[in-house]
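Please open the structure in a viewer and keep the selection tool at hand. The tour below proceeds stop by stop, naming what to select and then what is found there.

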Amino acid sequence: MAKFKIKKGDLVEIITGDDKGKKAKILRVLPKTSQVIVEGCKVAKKSVKPSDKNPKGGFIDKEMPIHISNVKKAED
C-alpha cells in the first residue's frame with residue numbers, strides 16, 4: 001500500500017477537473033485505490049430507497065472520490 005503526504009483533515013486545492021481551483025478539506029483517504037474524498041467537490045446525485053432514516057426516499061448529494069494526483073496541499 002502506498003504512503004501519501006496528504007491525510008484526513010488537510011486543506012487541499014483541486015488542480016484538474018470541473019472543480020479546478022477549489023480549496024476544501026479532505027474527508028477520507030482511500031489508499032488502496034489512491035483516491036481521496038474532498039468536501040463539496042465532485043458531487044453526484046444518488047437515489048436512495050425509502051428507509052427508517054429517510055422515509056420518503058429520493059435523491060441525496062454525495063461526494064465522489066478524486067485521484068490523489070489531482071489534488072495538492074493548499075498554500076495557506
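A residue is called buried when its relative accessible area is under 20% and exposed when that value is over 50%, with partly exposed covering the range in between. The model is predicted.

**First stop: Thr-16**

Select Thr-16, which is found in the loop between β1 and β2. Its relative accessibility is 39%, and therefore Thr-16 counts as partly exposed. Now add Gly-58 to the selection and draw a distance between the two C-alpha atoms. Thr-16 and Gly-58 are 31 Å apart in space, with their positions 42 residues apart in sequence.

**Second stop: Glu-13 in strand β1**

Move to Glu-13, a residue of strand β1. Which residues does Glu-13 touch, not counting those up to four places away in sequence? One group is Gly-21, Lys-22 and Lys-23; the others are Asn-70, Val-71, Lys-72 and Ala-74. For a distance, select Lys-25 as well: the C-alpha atoms of Glu-13 and Lys-25 are 8.8 Å apart, and the two residues are 12 apart in sequence.

**Third stop: the salt bridges**

How many salt bridges does a search of the whole structure find? The search finds three. In general, side chains of opposite charge can pair when their charged atoms come close.

Begin with Asp-10 and Lys-73, whose side chains meet in a salt bridge with an N to O distance of 3.7 Å. This pair links distant parts of the chain, 63 residues apart: Asp-10 belongs to the segment before β1 (11-14), and Lys-73 to strand β7 (residues 71-73). Are these two partners buried or exposed, wholly or in part? Asp-10 has a relative accessible area of 14% and is therefore buried. Lys-73, at 44%, is partly exposed.

Next, select Lys-22, one of the residues touched by Glu-13. Lys-22 forms a salt bridge with Asp-19, and the closest N and O atoms are 3.3 Å apart. Asp-19 is buried, with a relative accessible area of 15%, whereas Lys-22 is partly exposed at 38%.

Then display Asp-61 and Lys-45, whose side chains meet in a salt bridge at 3.3 Å, N to O. Asp-61 lies in strand β5 and Lys-45 in strand β4 (residues 43-48), so the pair ties together parts that are 16 residues apart in sequence. Both residues of this pair, Asp-61 and Lys-45, are exposed.

**Fourth stop: Ile-60 in strand β5**

Remain in strand β5 (residues 58-63) and select Ile-60. Ile-60 has a relative accessible area of 35%, and so it is partly exposed. Leaving aside neighbours within four places in sequence, Ile-60 is in contact with Ala-44, Lys-45, Lys-46 and Val-48. Among these contacts is Lys-45, the partner of Asp-61 in the salt bridge just visited. Pro-31 may be added for a distance: from C-alpha to C-alpha, Ile-60 and Pro-31 are 26 Å apart, and they are 29 residues apart in sequence.

**Fifth stop: Leu-27 and strand β2**

Select Leu-27, placed in strand β2. With a relative accessibility of 32%, Leu-27 counts as partly exposed. Which residues does Leu-27 touch, not counting residues up to four places away in sequence? They are Lys-8, Ile-37, Val-38, Glu-39 and Glu-63. Gly-57 is 30 residues from Leu-27 in sequence and 25 Å from it in space, C-alpha to C-alpha.

Arg-28 also lies in strand β2 (residues 23-30). Keep Arg-28 selected and add Lys-8, Lys-25, Lys-46 and Lys-62: these five residues gather in a patch of positive charge on the surface. Two members of the patch have been met in earlier contacts: Lys-8 touches Leu-27, and Lys-46 is in contact with Ile-60.

**Last stop: two loop residues with positive phi**

Finally, inspect the backbone at Ser-34, in the loop between β2 and β3 (35-38). Phi of Ser-34 is near 55°, a positive value in a residue other than glycine. Proceed to Lys-42, in the loop between β3 and β4. Lys-42 likewise has a positive phi, of about 50°, although it is not a glycine. At 45% relative accessibility, Lys-42 counts as partly exposed.

Key:
Residues are numbered from 1 along each chain as its sequence is written. This is a predicted model: local features need pLDDT of at least 70, side-chain atom pairs count only at pLDDT 80 or more; totals for chains, interfaces and linings use all residues. Side-chain values use heavy atoms; hydrogens and water are left out. Helices (H or I, at least four residues) and strands (E, at least two) are DSSP runs, numbered from the N terminus. Buried means under 20% relative accessible area, exposed over 50%, partly exposed in between (1.4 Å probe, protein chains only). Contact means heavy atoms within 4.5 Å. Patches are made of residues with over 30% relative accessible area and no salt bridge: like charges are joined within 9 Å, nonpolar side chains (Val, Leu, Ile, Met, Phe, Trp, Tyr) within 5 Å. Accessible areas come from the Shrake-Rupley method with a 1.4 Å probe; for residues, only the protein chains shown count as cover. A salt bridge is a side-chain nitrogen of Lys or Arg within 4 Å of a carboxyl oxygen of Asp or Glu. Lys and Arg count as positive and Asp and Glu as negative; His and the chain ends are not counted. The place of a charge is taken as NZ of Lys, CZ of Arg, CG of Asp or CD of Glu.
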